[in-house]
Amino acid sequence: MKPAFLELDPEAVRVPVRFAGETLMLPEGANLAAALLAAGMTVLRHTPVSGAPRAPYCMMGACFDCFIEVEGTLRQACMMEVVEGLEIARPHEGDAHDTL
Ligand code: FES
């Protein structure tokens, strides 16, 4: 399926980023949340209580729906740029909601 989001510069230099165990080639220096959406990654995390899927929403650091885990630290993807070699995980993966 074609992603619902498009990149601003499809000719941008691509760098490898790991997201949830998958290697993605994302545009270097782009907003990380936008780049993940354009790559078709629409679920960045699940809520810790119900396990509901969440995607970036406000794109300005207010809603926290874009929480990701980068090298053990929770970060907001919309407040980061794509950098080569990022290792990103979905927070709370493997927590209680996975068994509901
Ligand atoms: S998308 Fe709302 S804080 Fe990042």
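Is Asp65 buried or exposed in this chain? I would like to keep that question in mind while we look at the whole protein, and I should say at the outset that what we have in front of us is a predicted model.

Let me begin with the overall layout. The protein chain contains 1 helix and 7 strands, and if we walk along the chain from the N terminus, the elements come in the order β-β-α-β-β-β-β-β. The radius of gyration is 13 Å, close to the 13 Å that the globule rule gives for 100 residues, so the chain is as compact as a globular protein of that length. If you prefer to think in terms of dimensions, the C-alpha trace spans about 40 × 30 × 25 Å along its principal axes.

Next, the inside and the outside. Of the 100 residues in the chain, 33% count as buried, while the surface that the chain exposes comes to about 6000 Å², with carbon and sulfur atoms supplying 56% of that area. Among the contacts with a separation of 6 or more, 46% are made by residues that stand 24 or more positions apart. As for charge, there are 7 positive and 14 negative side chains, and the centres of these two sets lie 6 Å apart.

Now we can return to the residue from my opening question. Asp65 sits in the loop between β4 (53-54) and β5 (67-70). Its relative accessible area is 10%, and because the cut-off for buried is under 20%, Asp65 counts as buried. The side chain of Asp65 is joined to the side chain of Arg54 by a polar contact of 3.0 Å. If we leave aside the neighbours within four places in sequence, Asp65 is in contact with Arg45, Arg54, Ala55, Pro56 and Tyr57.

My second example is Val82, which is also found in a loop, the one between β6 (73-76) and β7 (87-89). How much relative accessible area does Val82 have? The value is 2%, so Val82 is buried. Not counting residues up to four places away in sequence, Val82 touches a list of residues that includes Val15, Val17, Leu26, Pro27 and Leu32. Asn31 is on that list too, and I find this pair useful for seeing how sequence and space can be set side by side: Val82 and Asn31 are 51 residues apart in sequence, yet their C-alpha atoms are 6.2 Å apart in space.

To close, then, here are the two residues to look for in the structure: Asp65, with its polar contact to Arg54, and Val82, with its contact to Asn31.

Note on methods:
Residues are numbered from 1 along each chain as its sequence is written. This is a predicted model: local features need pLDDT of at least 70, side-chain atom pairs count only at pLDDT 80 or more; totals for chains, interfaces and linings use all residues. Side-chain values use heavy atoms; hydrogens and water are left out. Helices (H or I, at least four residues) and strands (E, at least two) are DSSP runs, numbered from the N terminus. The radius of gyration is taken over C-alpha atoms; the globule rule is 2.2 Å times the number of residues to the power 0.38. Buried means under 20% relative accessible area, exposed over 50%, partly exposed in between (1.4 Å probe, protein chains only). Contact means heavy atoms within 4.5 Å. Accessible areas come from the Shrake-Rupley method with a 1.4 Å probe; for residues, only the protein chains shown count as cover. Lys and Arg count as positive and Asp and Glu as negative; His and the chain ends are not counted. The place of a charge is taken as NZ of Lys, CZ of Arg, CG of Asp or CD of Glu. A polar contact is a pair of N or O atoms within 3.5 Å; within protein, one must be able to donate a hydrogen and the other to accept it, and residues adjacent in sequence count only if both atoms are side-chain atoms.
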